[in-house]
Structure formats: structure tokens, C-alpha cells
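This briefing is meant for someone opening the structure for the first time, and it goes through a handful of places one by one.

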Amino acid sequence: MSDGREFDLAIIGGGIVGTATAMALVRRGGLRLAVLEKEMKLAAHQTGNNSGVIHSGLYYKPGSLKARNCVAGREALYRFCAEHGIPAERCGKVVVATSEKQIPALDELQRRGEANGLDGLRRLAPNEIREFEPHATGIAGLFVPQTGIVDYTRVTEAYAEEVRRAGGEIMLGTQVRRVVREGDAMRLETTAGTVQCRLLINCAGLQSDRVARLCGVDPEIRIVPFRGEYYELRPESTHLVKNLLYPVPDPEFPFLGVHFTRMIAGGVEAGPNAVLAFEREGYTRWSFSLRDAAGTFAFPGFWRMATKYWRMGLGEFARSWSKPAFVRALQALVPELRPEDVERAGAGVRAQALERSGKLLDDFCIVETPRQIHVLNAPSPAATASIAIGESIAAMAGADFGIA
Ligand SMILES: Cc1cc2nc3c(=O)[nH]c(=O)nc-3n(C[C@H](O)[C@H](O)[C@H](O)COP(=O)(O)OP(=O)(O)OC[C@H]3O[C@@H](n4cnc5c(N)ncnc54)[C@H](O)[C@@H]3O)c2cc1C
């Protein structure tokens, strides 16, 4: 048990956003800083259970935080991986339209990609799709050369190593339970003793709204968990997909639709779906937490969202419980895929901020209050964008807290 450890700055959350923020801050020097992570390892939640895709910046509204941080963060991430010997591959991806009604959305993706500075986007005719993905079928496609793959757990560990090397502390098994203001300082009561700090940054992902409340801040949003379940191609079927193969996403919905992803460690995953989850950190179809479920259902925004998306939600539940339904969604991209080509794999849970109005918050959301910064919405592509997000939080902290 540590007793009354003192720091200038405490970061709550040892996912990729918390560690990237810590790395950006220690690079500025002169700060006693700690990252407090409740689990016994880093990247235990969203970061360690994601698709491992380095996103290009194709999807996001030009000028949005997602667009700017994804484009800048992607290149910074490729550089970081090269400098730290972390395998990362810029393999490119293909987005495929399978019906006429998806063409306007594909056009819009191309327009957004160009506006976000993606060079070398290439529109593909049906026969050209097969040059990239010989088993895919579609009526039109878009090749995106900037997209790549990486292992985000390794990236997070490397960020943390940089923090340690610069004198920062990474405290595992340290769950923040209570935050008490004491004049200019804050006392954090944790499962590993008391931590004092002057400044606090909340990067708690799936728990970020609760951590904001612990800090006396009304986050105005509620984190709603959406589980993403994966299948993987059996080793004898991985030839069906070369790299990354995506559908045209429904522009009404913040998720990308089930897709195929070649993993940096080998193998090909298919998924994830986006199922409303009844437990924020629950990774199976049976996971249930009364506290988490009640928190979702008691929020007025949930019912407003449910009215709008119930049909899509039912489809996602069907794809969660029925393998044939999941495989049918994948067959839209690769018609020759058979149910026996895939088997169930892991799952991740996305932290998606929901407004009281029932709107799913699309952009990243970072809120500043006196002596505190709260990251309240950092969904995909926040792993890709992590270095850029960390830099911008460090800049905010610089301005707010007077750090150079
Ligand atoms: C299924 C899925 C697929 C995705 N695919 C991609 C992708 O391919 N590319 C991409 O760029 N992004 C992807 N994302 C998004 C990306 O993974 C997240 O945006 C990113 O990991 C968010 O990082 P984070 O640090 O904010 O959250 P997290 O990784 O969830 O970290 C938050 C940490 O805070 C800790 N914590 C919470 N409460 C406390 C407390 N009270 N005290 C101490 N510690 C606490 C948690 O234990 C956790 O480790 C995906 C996400 C999911 C779920």
C-alpha cells in the first residue's frame, strides 16, 4: 500500500489515451506525474480488445476532432512504431459497396477522405476490387492506401515505458474510488492508498462519466457500452481475405459494420458487431451488471436513442446470437464464405457517449474544468489518434495548469 504519495498531476486510466497523454506531458519535463490504472495490466479494456486497425481518416467530418487527430495521429503512430521496433504494416484497405443505394455514401466517404488530405484514394470498378481482394464482390469500391495494422497493447506498453524512462510512474492495481478537494490540491482515495495531486486528467474510458462524477463534475452524457464480437477465419480459410475489407457504413450509425481485418500477429478477424451491452466491462453474451444496465435504462437519452435505432439494434442482437445471421452479413462482402470458415473469437466493449437528447456523440469530447480535464468520448479512431490526442490534452494542461 502506498500512503499519501504526492504528484503534480495524476492521470486516471492506463489505456492508450491515458498513457499517450502521460507521454506527451513527461516530454515537456519538470512534472511529477502518475498514471493510475485499476487493473493489474495496461490496456485491459477497450485498447487491448480492439481491431488493431490504424485508421486513415476516411470516415470523419472534415474539421472534426476525429478527422484532425486521426490524420495527424496516424502518421505519428507509424513513426513511433518504426522508432520503437513495434511491427506495424501500412497494408491499405478496400471499402466495398454492394448495392446501388450505398453509392451516395461511398461518394461521400471519398469526398471526406479527399477533404481530410488522403492522397492516392482510388475508386474501383467491380473487376478492380478483385485485384485487391480476389474473393470480394461489389458494384464499386474505394482503395485507401494509408490504413494499416498494429497491436495496440504493445503500443500502449511502449508509451508507458517512455513515461517510466522520463521519471513518471505507472501505478497498476490502483482504482480511484473517491476524489476529495483540499484547497488547491486533490486527494484521491484508491484501492492502493492515497494519492495527492494538484491536477487531474480523467482518461477512464468505459468509466469516464462515473470518474467525472467522482471528481464533482456533471458529465452531462452517459457512457453506453456497445459490445463488439468477433469471429475469426479458420487457418485454412484465411486466403479468402488479403488485408482489410470493409462495407460502406450506415451514415446514421457511428459504427463501421462488420468487416474483415488481417491481424498484425497473423490470422484474419471478422467483426465487430455493435450490440448494446448490459455490462460495461463484460465480454460475453451473458455478461450482466445490474448497476451498469440500470445506469443505461435510467438515462432519458437511452429511450430517445432506442426509439430511433431499435430496428438496427435488433439486427445487431440477431448477429450476436445467431452465427448464420453474422455470416450472412459477411457474405455480402465475400459471397463464397461458408459458416464453417469462421469460428467465434473474442470481444471488445466500446465506450460510446450518449447525450440526454438521445444523440450518440460522434466526435471526441474533452472537457476542461478548474484543475481537471475529462476525456468523455474517445471512441474509434482514438487508438490511431492517441499521440495527437495526448499532445492536445498536454497543450490544454499547459494552458490551464501553467505547464510549459
Ligand atoms: C471492439 C473495438 C474495436 C475497435 N477498433 C479500433 C481500431 O481498429 N482502431 C482504432 O483506432 N480504434 C479502435 N477502437 C477504439 C479504441 O480501442 C478506443 O478508442 C481506445 O482504446 C480508447 O482508449 P482509452 O484509453 O480511452 O480507453 P481504455 O482502453 O478503455 O482505457 C481506460 C482505462 O481506465 C481504467 N479505469 C477506469 N476507471 C478507473 C478508475 N476508477 N481508476 C483507475 N483506472 C480506471 C480502465 O481499467 C482502463 O484500463 C475500437 C474499440 C473497440 C471496443
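Helices and strands are here DSSP runs, at least four residues of H or I for a helix and at least two of E for a strand, and they are numbered from the N terminus. With these names, P272 can be placed in the loop between β18 and β19 (275–276). The model is a predicted one, and the points below are grouped by topic.

**Surroundings of the ligand**

- The ligand is surrounded by 38 residues, of which the closest are E37, T47, V53, A378 and T384.
- Two backbone contacts involve nitrogen atoms of the ligand: a backbone N or O atom of S51 lies 3.2 Å from a ligand nitrogen atom, and a backbone N or O atom of V176 lies 3.0 Å from a ligand nitrogen atom.
- An oxygen atom of the ligand, in turn, has a backbone N or O atom of P379 at 3.4 Å.

**Helices α2 and α5**

- Two packed helices are described by the angle between their axes and the distance between the axes.
- For helix α2 (residues 65–84) and helix α5 (residues 152–165), the axes come within 11 Å and cross at roughly 75 degrees.
- Because angles of 65 to 115 degrees count as roughly perpendicular, α2 and α5 are roughly perpendicular to each other.
- On the α2 side the contact is made by L77, F80, C81 and H84, which meet Y152, V155, A158, Y159 and E162 of α5.
- Sorted by character, the residues of this contact between α2 and α5 comprise seven nonpolar, one polar and one charged.

**Helices α8 and α9**

- E316 belongs to helix α8 (residues 300–321), and E316 counts as buried because its relative accessibility is 10%, where buried means under 20%.
- Not counting residues up to four places away in sequence, E316 touches F253, N273, A274 and V275.
- Helix α9 (residues 323–331) has A325, F326, V327 and L330 as its buried residues.
- The buried residues of α9 pack against β15 (221–233), β17 (259–262), β18 (268–271), α8 and β20 (342–355).
- At the start of α9, the backbone nitrogen of A325 has a side-chain oxygen of S322 within 3.0 Å.

**Backbone exceptions**

- Most residues other than glycine have a negative phi, and most peptide bonds are trans.
- The peptide bond from G271 to P272 is cis, with omega near -10 degrees.
- The peptide bond from S380 to P381 is also cis, with omega near 10 degrees, and P381 lies in the loop between β22 (372–377) and α10 (386–401).
- A43, although not a glycine, has a positive phi of about 60 degrees; A43 is found in the loop between β3 (33–36) and β4 (53–54), and A43 is buried, with a relative accessible area of 5%.
- E220 likewise has a positive phi, of about 65 degrees, although it is not a glycine; E220 sits in the loop between α6 (208–214) and β15, and E220 is exposed, with a relative accessible area of 57%.

**Two further loop residues**

- T174 is placed in the loop between β10 (169–171) and β11 (176–182), and T174 counts as buried because its relative accessibility is 2%.
- Leaving aside neighbours within four places in sequence, T174 is in contact with L36, E37, K38, T190, T191 and A192, while the side chain of T174 reaches the backbone oxygen of L172 at 2.9 Å.
- From C-alpha to C-alpha, T174 and Q196 are 13 Å apart in space, with their positions 22 residues apart in sequence counted as their separation.
- E100 has its place in the loop between β6 (93–97) and α3 (103–115), and E100 counts as exposed because its relative accessibility is 63%, where exposed means over 50%.
- E100 and L58 are 42 residues apart in sequence and, C-alpha to C-alpha, 20 Å apart in space.

Terms used:
Residues numbered from 1 in each chain as written. Predicted model: local features only at pLDDT ≥ 70, side-chain atom pairs only at ≥ 80, totals over all residues. Heavy atoms only, no water. Buried < 20%, exposed > 50% of the residue type's maximum accessible area, 1.4 Å probe, protein only. Axes fitted to C-alpha atoms, helices over the stretch in contact; angles between N-to-C directions. Parallel < 35°, antiparallel > 145°, perpendicular 65-115°, else oblique. Contact = heavy atoms within 4.5 Å. Nonpolar A, V, L, I, M, F, W, Y, C, P; charged D, E, K, R; others polar. Near = heavy atom within 4 Å. Polar contact = N/O pair within 3.5 Å; in protein donor to acceptor, adjacent residues only side chain to side chain.
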